[in-house]
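Let's take a walk through this fold, starting from one residue and working out to the sheet and the surface. Have the viewer open as you read.

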Amino acid sequence: MGTYVVTGSASGMGRAVAERLRADGHTVIGVDIQAADVVADLSTPAGRRTAVDAVLSTCGGRLDGAVLAAGLGPTPGKDQPSRIIQVNFFGVIELLQAWRPALAAAERAKVVVFSSNSTTTIPAIPGRAIRAMLDGDGEKAVRILRIFGRAAASMAYGASKIAVSRWVRRNAVTRDWAGAGIRLNAIAPGAILTPLLEKQLSTPAEAKTIHSFPVPIGGFGDAGQLADWVVFMLSDAADFLCGSVLFVDGGSDAYFRADDWPGSLPARRLAPYLWKFKRFKSFS
Ligand code: NAD
């Protein structure tokens, strides 16, 4: 049996994952702003430090897996763009960077980060805001997103989930992660009926948008179904899964973007291997 850390363990999908893991006999260290083993506010650097330290001292230097589910939705509000970026992006990557040695100590650890199908279904998210986050400058990202006015929270949400997915893909294939035996992947849910979505549905204008949004199979997803996917991504069956973003969204991404996949690979990236100038050495 393993030791897993789950952020966002007090509600919705994080809670469902924690319950599944505990039912399977694993030890779960829950992290949340409320009702958790480690209570910490991931929207602040101090809160993130508390979460990092408390988990490291509880897990005894070894983590078999981590699930990063704590997150805010795209609900509008004055400081929401900043909070969304702090929790959804920095509240994932700063924790994972600090926990990486403990994950490496387990040798076959698995990490699942919660992305969203908003990454591919919100149009015109500014690339500059995504790049600012990846450069570590959350305040610059907020300044860029401010021009969207009431839609800034929604844009911040999409941008934070693209940035965190890119961070996952960039790092998953490196010596520090793949080379340390850690499988780093993301899951991109569509509309899942959790307290986060219920809050959005309680606002008539947001509810109207959500109900009119194309979901080919209809309805909403269920937190338990998503937890099953996450538990699978934490299992030995996922040993060959590395840097993937798995969409579980009732078909919305495919509906809008069937022909956008696959994006073509620039020849300059493959050419050195084809012409044998370079030989790729795997990390195993
Ligand atoms: P939820 O609101 O039910 O759970 C999110 C949890 O994160 C809560 O327990 C909350 O307390 C915690 N949290 C929020 N801010 C925090 C902070 N500052 N510090 C620590 N913990 C904090 O939401 P959910 O629907 O289960 O969402 C889980 C993840 O999935 C989120 O990252 C969300 O963005 C993502 N997501 C949700 C949906 C959806 O439709 N529900 C769709 C796509 C992606």
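In which helix is the place of A104? Look at α3, which covers residues 80-105: A104 sits there. Keep in mind that what you're looking at is a predicted model. With a relative accessibility of 23%, A104 lands in the partly exposed class, because buried would need a value under 20%. Now jump along the chain to A178. A full 74 residues separate A104 from A178 in sequence, yet their C-alpha atoms are 9.6 Å apart.

Next, the sheet. Seven strands make it up, and it is an open one with parallel pairing. Reading across, the order goes β3-β2-β1-β4-β5-β6-β7. At the edges you'll find β3 (38-39) and β7 (245-248). Each of these two has a single partner strand, so one of its sides has no neighbour in the sheet.

Now go to β5, residues 110-114. Why can we call this strand largely enclosed by the rest of the structure? Five of its five residues are buried, so the label follows directly. The side you look from doesn't change that picture: K110, V112 and F114 point one way, V111 and V113 point the other way, and all are buried. Yes, that includes a lysine, K110. On the β4 side, β5 is joined to residues 65-68 by four bridges, with the two strands running parallel. If you want a landmark for that pairing, find G65, which stands opposite K110.

Time to move to the surface, beginning with charge. R128, R131, K140, R143, R146, R166 and R170 together form a positive patch. Three helices each give two or more residues to this patch: α5 (127-134), α6 (138-145) and α7 (152-172). Take R131 as a sample member. It belongs to helix α5, and its relative accessible area of 48% makes R131 partly exposed, because exposed calls for over 50%.

The last stop is a patch of another kind. L265, L270, Y273, L274, W275, F277 and F280 make a nonpolar surface patch of about 850 Å². Where is L265, one of its members, found? Check the loop between α11 (252-257) and α12 (267-274). Is L265 buried or exposed? Its relative accessible area is 52%, so L265 counts as exposed, given that the cut-off is over 50%.

Key
Residues are numbered from 1 along each chain as its sequence is written. This is a predicted model: local features need pLDDT of at least 70, side-chain atom pairs count only at pLDDT 80 or more; totals for chains, interfaces and linings use all residues. Side-chain values use heavy atoms; hydrogens and water are left out. Patches are made of residues with over 30% relative accessible area and no salt bridge: like charges are joined within 9 Å, nonpolar side chains (Val, Leu, Ile, Met, Phe, Trp, Tyr) within 5 Å. Accessible areas come from the Shrake-Rupley method with a 1.4 Å probe; for residues, only the protein chains shown count as cover. A salt bridge is a side-chain nitrogen of Lys or Arg within 4 Å of a carboxyl oxygen of Asp or Glu. Lys and Arg count as positive and Asp and Glu as negative; His and the chain ends are not counted. The place of a charge is taken as NZ of Lys, CZ of Arg, CG of Asp or CD of Glu. Buried means under 20% relative accessible area, exposed over 50%, partly exposed in between (1.4 Å probe, protein chains only). Two strands pair if DSSP finds at least two bridges between them.
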